[in-house]
Amino acid sequence: MPADALSSLGPWQLAFLVVAGVGAGLTGSIAGLASLVSYPALLAVGVPPVSANVTNTVALMGNTVGAAAGSRPELRGQRSRLLRLCAITAVGGAAGSALLLLTPDGTFAYVVPFLIAGASVLLLFSPRLAERAGRGDGGVTAGTATGAFLVAIYGGYFGAAAGVVMLALLSAAWTQPLARTNAAKNIVTGAANMVAAVVFAFTGPVLWPAAVALCVGLVAGSFVGPAVVRRVPAAPLRVVIALAGLGLAATLGWQAWA
């Protein structure tokens with residue numbers, strides 16, 4: 001990142017990023033859509049797209065920290081399967097970050113809207129799918145592991161709505177309250193993001209003042225988010241998340257084909 005870009009972020013822009021981080025943390029821990037707020041915020045203060053992408057990935061570590069701290073009741077009893085899934089998604093996140101650094105910009109631009117839209121529809125019908133599949137809360141099947149790995153690759157590459165896709169996958173695989181699945185989603189996607197963040201920290205054009213400002217807000221917002229999920233009825237929350245995902249899919253599709 002050029003020195004002039006670093007000096008272009010003043011106190012008010014950094015404060016704006018902190019506030020945006022709070023909103024992103026709430027959105028991310030509740031709906032898996034943190035990047036819907038944090039990535040445009042970075043673009044709004046003048047950070048170039050590639051640098052905004054990698055800076056956003058590094059900052060999103062705050063989302064994982066805050067969500068984990070705020071979701072301790074929901075995470076209780078899920079340690080074994082989360083450890084297995086986190087190992088899988090960590091490898092996927094590393095692969096996704098390598099793709100971002102090695103492939104031309106926009107490689108997935110035409111595929112991502114379909115992925116997000118499909119996940120949003122899947123999330124709407126996930127309780128019915130889980131009941132038909134007859135799966136319980138204990139196992140990590142080959143299908144779940146494969147799906148989580150693919151979502152982690154996408155999360156390491158770009159990440160927008162990766163949480164929605166992961167939430168849809170886990171909701172369809174496990175029959176349990178949405179709040180517990182949402183808490184698991186935050187940890188599993190966080191593992192993928194952590195590896196990608198480490199890669200970008202050493203190899204990508206991270207704008208550190210912006211990353212720190214966003215991260216501070218993300219920790220605060222994501223800590224509060226699980227309490228909201230805990231109190232809001234699951235069915236309407238699922239519909240709101242799915243509609244937000246469809247809106248993001250439409251926006252990204254318009255940007256790709258306009």
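Reader: How many aromatic pairs does the structure hold?
Author: The structure, a predicted model in which local features need pLDDT of at least 70 and side-chain atom pairs count only at pLDDT 80 or more, while totals for chains, interfaces and linings use all residues, holds zero aromatic pairs, a pair being rings of Phe, Tyr and Trp (its six-membered ring) with centres within 6.5 Å. Residues are numbered from 1 along each chain as its sequence is written, and side-chain values use heavy atoms, with hydrogens and water left out.

Reader: And what sits over the ring of Trp174?
Author: The charged end of Arg81 does, 3.6 Å from the ring centre; the criterion is NZ of Lys or CZ of Arg within 6 Å of the centre and within 35 degrees of the ring normal.

Reader: Okay, helix 3 next: which of its residues are buried?
Author: In helix 3, residues 35-44 (helices are DSSP runs of H or I with at least four residues, numbered from the N terminus), the buried ones are Ser35, Ser38, Tyr39, Ala41 and Leu42, where buried means under 20% relative accessible area with a 1.4 Å probe, protein chains only. They lie on the same side of helix 3, because they cover an arc of only 155° around the axis, taken from the directions from the helix axis to the C-beta atoms.

Reader: What do those buried residues pack against?
Author: They pack against helix 2 (11-31), helix 4 (49-59) and helix 13 (208-231), with contact meaning heavy atoms within 4.5 Å. Just after helix 3, Gly46 takes a positive phi of about 95°.

Reader: What is the mean pLDDT of the protein?
Author: The mean pLDDT, the predictor's confidence in each residue from 0 to 100, is 82, and 87% of the residues reach 70 or more.

Methods. Buried < 20%, exposed > 50% of the residue type's maximum accessible area, 1.4 Å probe, protein only. Helix = DSSP H or I, 4+ residues; strand = E, 2+ residues; numbered from the N terminus. Phe/Tyr/Trp six-rings, centres within 6.5 Å; stacked < 30°, edge-to-face > 60°.
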